[in-house]
Amino acid sequence: MEIEEADIVQITNPEHHWYPCLIVVNEVKSFGCQGYAVIPSNGQERANGQAFIRLDSNDFEKVGRAIVVLA
C-alpha cells in the first residue's frame, strides 16, 4: 500500500490504543507514517489543535484523501 502526505488512514489494529481513529498523514516514514487527528472545537474556536501519532504500517489502512489539510 502506497501512502503520501494528506492521505487519510484508519487504525485497524484492535490492540492499538487509538483504534479505530482516522488520521491525516503529514509524513511518510520508513516504518509507516506520522499523522494527526484534529481535536474538535469547544464551540469557541475552529479547532483546538492536532493530536499527533506515529503509526507502524501494520496498524492502519488507507481509506481516502483529505480535502482540507491543516498547516
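Buried means under 20% relative accessible area, exposed means over 50%, and partly exposed is in between (1.4 Å probe, protein chains only). Keep that handy while you click around this predicted model, where local features need pLDDT of at least 70, side-chain atom pairs count only at pLDDT 80 or more, and totals for chains, interfaces and linings use all residues. Residues are numbered from 1 along each chain as its sequence is written, and side-chain values use heavy atoms, with hydrogens and water left out.

**Stop 1: the whole chain.** Select everything and colour by burial: 30% of the 71 residues are buried. The C-alpha trace spans about 40 × 25 × 20 Å along its principal axes. Its radius of gyration (taken over C-alpha atoms; the globule rule is 2.2 Å times the number of residues to the power 0.38) is 12 Å, which agrees with the value near 11 Å for a compact globule with 71 residues.

**Stop 2: cartoon view.** You'll find five strands and zero helices, in the order β-β-β-β-β along the sequence. Both are DSSP runs numbered from the N terminus: helices are H or I with at least four residues, strands are E with at least two. Now turn on contacts, meaning heavy atoms within 4.5 Å. Of those with a separation of 6 or more, 47% are between residues 24 or more positions apart.

**Stop 3: surface and charge.** Switch to a surface: about 4,800 Å² is accessible (Shrake-Rupley method, 1.4 Å probe; for residues, only the protein chains shown count as cover), and carbon and sulfur atoms hold 49% of the total. Next, pick the charged side chains, 5 positive and 10 negative, whose two centres lie 7 Å apart. Lys and Arg count as positive, Asp and Glu as negative, with His and the chain ends not counted. Each charge is placed at NZ of Lys, CZ of Arg, CG of Asp or CD of Glu.

**Stop 4: Arg54.** Zoom in on strand β4, residues 49-56, where Arg54 sits. Arg54 is exposed, at 52% relative accessibility. Beyond its neighbours within four places in sequence, Arg54 touches Lys29, Phe31, Cys33 and Gln34. For a distance check, pick Arg65: 11 residues from Arg54 in sequence, and 18 Å away C-alpha to C-alpha.

**Stop 5: the cysteines.** Hop to Cys33, one of the Arg54 contacts. Cys33 is buried at 0% relative accessibility, while Cys21 is partly exposed at 31%. Why are there zero disulfides (pairs of cysteine sulfur atoms within 2.5 Å) in the whole structure? Because the sulfur of Cys21 has its closest cysteine sulfur in Cys33, 13 Å away, which is too far for a bond.

Terms used:
Disulfide = S-S within 2.5 Å.
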